[in-house]
Each structure stands twice: as structure tokens, then as C-alpha cells.
Amino acid sequence: MTALMFVLGILVFVFGLLFSIAWHELGHFSTARMFGVRVPQFMVGFGPTIFSRRRGETEYGVKAVPLGGYIRMIGMFPPGEDGNLRKRSTSPFRGMIEDARAAAFEELQPGDEKRLFYTRKPWKRVIVMFAGPGMNLILAVVIFLGVLMGFGINTQTTTVATVSECVIAQSEEQRDCRADDTPAPAAEAGLRAGDEIVAFDGAPVDEWGDLQQRIRDTVGVATVTVVRDGERLELTADLIENQVGKTDGNGNVVRGEFVTAGFLGFSPASGIVKQDFPQAVDRMGEIMSTGLDAMLNLPSKIPNLWHSITGEEERDQDGPMGVVGAARVGGEIFTLDIPASQQLATALFLVAGFNLSLFLFNMLPLLPLDGGHIAGALWESLRRNAAKLTRRPDPGPFDVARLMPLAYVVAGVFICFTLLVLAADIVSPVRLAG
């Protein structure tokens with residue numbers, strides 16, 4: 001049964017992956033068609049074609065390797081300076097440029113002269129190229145909001161899980177209380193496991209983050225209002241200073257860093273809590289900020305990936321993960337001993353995170369990514385407007401094909417990184433159980 005659920009989890013992720021890729025390409029396809037660009041091909045995947053069917057002027061299909069997708073638009077790059085497609089030269093860099101230019105004019109048919117991508121105004125090209133990753137962002141937002149508001153997430157609450165008997169600095173190793181330790185304020189005040197804290201020092205609280213911050217800001221006597229067995233009680237606690245874990249701007253504890261703050265002495269219980277719309281938007285903002293930080297910190301994660309493959313280090317469980325690793329995690333999700341609704345919610349979160357990564361990755365201003373084409377269109381618009389203001393001749397379309405040598409270098413780096421992550425996912429995979 002466990003093996004069957006593991007396979008089911010993998011299939012759910014693979015389906016979500018394929019849908020996300022098709023959704024991305026639909027953004028490019030629909031806006032290109034809207035602006036009159038001819039699109040002869042719409043493909044999900046790379047490599048050999050498994051299935052394809054032509055409808056109208058476009059061939060739709062699925063290929064064997066589900067690691068991406070593409071649409072082919074006529075005239076992605078402008079012709080050469082003489083207005084013609086030149087034959088391939090012996091220069092390797094010039095050859096790259098001319099090959100890219102020739103590919104942009106494949107399947108050119110009579111009447112296509114007015115349906116070329118490069119002839120569209122820069123703002124239209126920006127929309128076409130942004131529409132792909134933009135669709136991934138929309139899908140990520142919808143899934144995140146749906147899960148947070150519809151299913152809920154495991155969240156620390158204002159209900160008491162355990163009460164500390166004494167005051168122990170969190171920087172110390174875990175140990176039992178000694179006779180000379182100071183009693184914890186919570187224990188002295190009579191706080192018990194299961195109490196729901198509804199107000200602190202007279203101010204209502206319904207979120208752990210709010211309660212945690214108020215406790216840390218308080219040293220001295222304060223009232224703690226709890227609900228115990230349906231009865232509302234008011235306890236009095238004398239909070240003291242103690243060394244506690246430092247939190248980031250989102251309320252998450254920063255591992256290995258500590259600050260001196262007010263201390264009450266209890267651990268909060270966790271539970272599945274549905275978020276209202278403002279809470280969900282706030283939580284989604286935290287997720288996106290974390291995703292952006294992870295993207296910017298990718299180069300620093302490379303040594304750990306390499307050392308995890310060679311066995312010199314443990315795999316960073318918060319490090320980058322490829323499609324194979326994500327599929328494995330998707331399988332593990334469906335073997336967890338949690339309700340089926342939470343299995344589905346966690347799997348959807350994984351798909352949403354993948355879509356967010358697709359958006360952030362594709363927005364990098366580098367060819368051959370969508371962000372590189374957007375940067376080229378914006379540069380062309382800037383050049384043309386500057387020429388108009390200074391009454392100089394129109395410089396014409398910016399020839400993005402000239403950047404293809406750089407694009408091949410970027411693609412090579414991405415391929416090497418992908419292979420490195422793939423090897424780490426196989427040799428030292430990320431696991432939900434750590």
C-alpha cells in the first residue's frame with residue numbers, strides 16, 4: 001500500500017509539472033496569437049515526439065522528456081543588416097548567430113511577412129515573453145491562496161502544549177531542571193497544557209506570532225487570560241529576561257542565533273489552521289520572499305551539492321532540488337501519516353512552489369530565458385525613444401541574435417547545474433523526514 005501511495009504521489013507531481021509547463025506555454029501562445037504572430041508549433045517536453053496533432057496552422061504535441069516546453073514563433077530574430085539571411089560562416093560565434101536567425105525564419109510562408117515576431121512593437125513583445133512566466137505566477141498565487149484558505153496549514157497556535165518548570169537559556173544544551181534553577185514564570189502563574197491564551201496584558205491575541213512578540217517585549221508583571229475547560233481565567237505572571245532564539249522579520253526562529261528578551265516559559269501547540277485572506281496574502285508574501293532569496297543564493301549552494309554527492313557533507317535539506325528530487329518528495333508526501341486532505345494540500349504546495357521557481361528563474365534577464373528577450377525588447381524601446389528625442393535616425397530593431405554566443409554559455413551553465421542537482425537528488429536526496 002505504501003509503495004502504491006508513493007507512486008501515486010509521483011504521478012500527482014508529474015501531472016502538476018506537465019500542466020504547469022503547458023500553462024506557461026499557453027501564456028506565450030495566446031498573447032502571440034493575439035498580436036498576430038504565427039505560431040507553427042506548441043510542444044510540452046523535449047526530445048522525441050510521443051503525440052502530436054495539427055489544428056489549423058499550429059502543431060500541438062507532447063515530447064518524451066518533461067523538463068520544459070516551447071512554442072515556435074515565426075521571426076523571433078530580425079534578418080541581418082543587409083535584410084537577408086546569410087549563409088553560415090566559418091566563425092563559430094557568427095555561426096551561432098546565423099543558425100539562430102535561420103531557425104527564426106523556418107516554415108516561412110507567403111503572407112508571413114506581416115506576422116513576424118520581431119516586427120511587433122517592443123511593448124507587445126514584452127507582453128508575449130512575460131505572459132509565460134506570468135502564467136506560472138498566477139497559478140502559484142491561486143494554489144497558495146487556495147491551500148492556505150481552503151485546507152489550512154500546520155501553524156503554531158496560542159494554545160499551550162507544554163509548560164517549562166524552570167528558566168533555561170535556549171542557547172544551552174537541553175537538560176533537566178536543577179534545584180538552583182529559577183522557576184519559570186508560566187509555571188508559577190499556574191499556566192497548564194491545553195490552556196488557550198486569548199489575551200495578554202489585557203490585549204486580545206489570536207495568533208502565535210503576535211503573542212510571541214508581546215511576551216518578548218514584556219519584562220515584569222503581566223496578566224495572561226486563558227480559556228480552560230470552557231472557563232475564562234485571568235492569571236498573573238512575572239516575566240523575566242532570558243536568552244531566547246532570534247526571529248527573522250517573518251517570526252521564524254533563526255537557527256543558532258539568540259537574543260535577550262522577555263520570557264514566560266511555555267511551548268505553543270501546533271494545529272491545522274485555515275488562514276483568512278489577509279493572513280494568506282501575508283504568508284504568500286513570505287513564501288515569495290523566501291523563494292527570491294533562495295534564487296539569489298543559488299551559487300552559494302553549489303559546494304554543498306558537490307560535497308553531498310562525494311559523501312563529504314550531509315545534503316542541505318533547504319537547498320536546491322530538481323525535478324527528480326521533487327518527484328521523490330511528491331511520493332513521500334502521500335506516504336506520510338497525515339489526513340488525506342493534508343497530503344493533497346502539501347502536494348499542491350509543492351506544485352505551487354515549482355511554479356514560483358519557474359517564474360523567478362525565467363525572469364532572469366539572460367538569454368535564452370524569457371527575461372533575456374524582455375530585456376532585449378526594453379533596450380530596443382529605449383534606443384528608439386532616445387533616437388526620437390535627439391532627432392537621430394531610427395536604429396531599428398535590436399538584434400537579439402547577436403547575443404546567442406552568450407546564450408549558449410548561459411545554457412551550458414544551466415545544464416551543468418541541472419546535472420549537478422540531478423546527481424545530488426539521486427545520490428543524496430532531500431527527504432521530508434530529514
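**H373, the nonpolar core and a surface patch**

In this predicted model, H373 sits in helix 10, which spans residues 370–389. With a relative accessible area of just 13%, H373 falls under the 20% cut-off and so counts as buried. Setting aside residues up to four places away in sequence, the contacts of H373 are M76, F77, M129, L367, P368 and V400. As for separation along the chain versus in space, V224 is 149 residues from H373, and the C-alpha atoms of the two are 58 Å apart.

Turning to the interior, the largest nonpolar core holds 36 residues, and the members touching the most others are M73, F117 and V128. At least two residues of this core come from each of helix 1 (2–34), strand 1 (41–55), helix 3 (122–151), helix 8 (323–333), helix 9 (340–362), helix 10 and helix 11. Helix 1 chips in the largest share, with six residues. F117 is worth a look of its own: beyond its neighbours within four places in sequence, F117 is in contact with V37, M73, I74, G75, M76, R125, V128 and M129. M76 and M129 thus turn up in the contacts of F117 and also in those of H373.

Out on the surface, V324, I415, L419, L422, I426 and V427 make up a nonpolar patch of about 530 Å². Helix 11 (residues 404–427) provides the largest share of that patch, namely five residues. One of the patch residues is I415, which lies in helix 11. I415 is classed as exposed because its relative accessibility, 52%, is over the 50% cut-off.

Conventions:
Residues are numbered from 1 along each chain as its sequence is written. This is a predicted model: local features need pLDDT of at least 70, side-chain atom pairs count only at pLDDT 80 or more; totals for chains, interfaces and linings use all residues. Side-chain values use heavy atoms; hydrogens and water are left out. Helices (H or I, at least four residues) and strands (E, at least two) are DSSP runs, numbered from the N terminus. Buried means under 20% relative accessible area, exposed over 50%, partly exposed in between (1.4 Å probe, protein chains only). Contact means heavy atoms within 4.5 Å. Patches are made of residues with over 30% relative accessible area and no salt bridge: like charges are joined within 9 Å, nonpolar side chains (Val, Leu, Ile, Met, Phe, Trp, Tyr) within 5 Å. Accessible areas come from the Shrake-Rupley method with a 1.4 Å probe; for residues, only the protein chains shown count as cover. A salt bridge is a side-chain nitrogen of Lys or Arg within 4 Å of a carboxyl oxygen of Asp or Glu. A nonpolar core is a set of buried Ala, Val, Leu, Ile, Met, Phe, Trp, Tyr and Cys residues joined through side-chain atoms within 4.5 Å.
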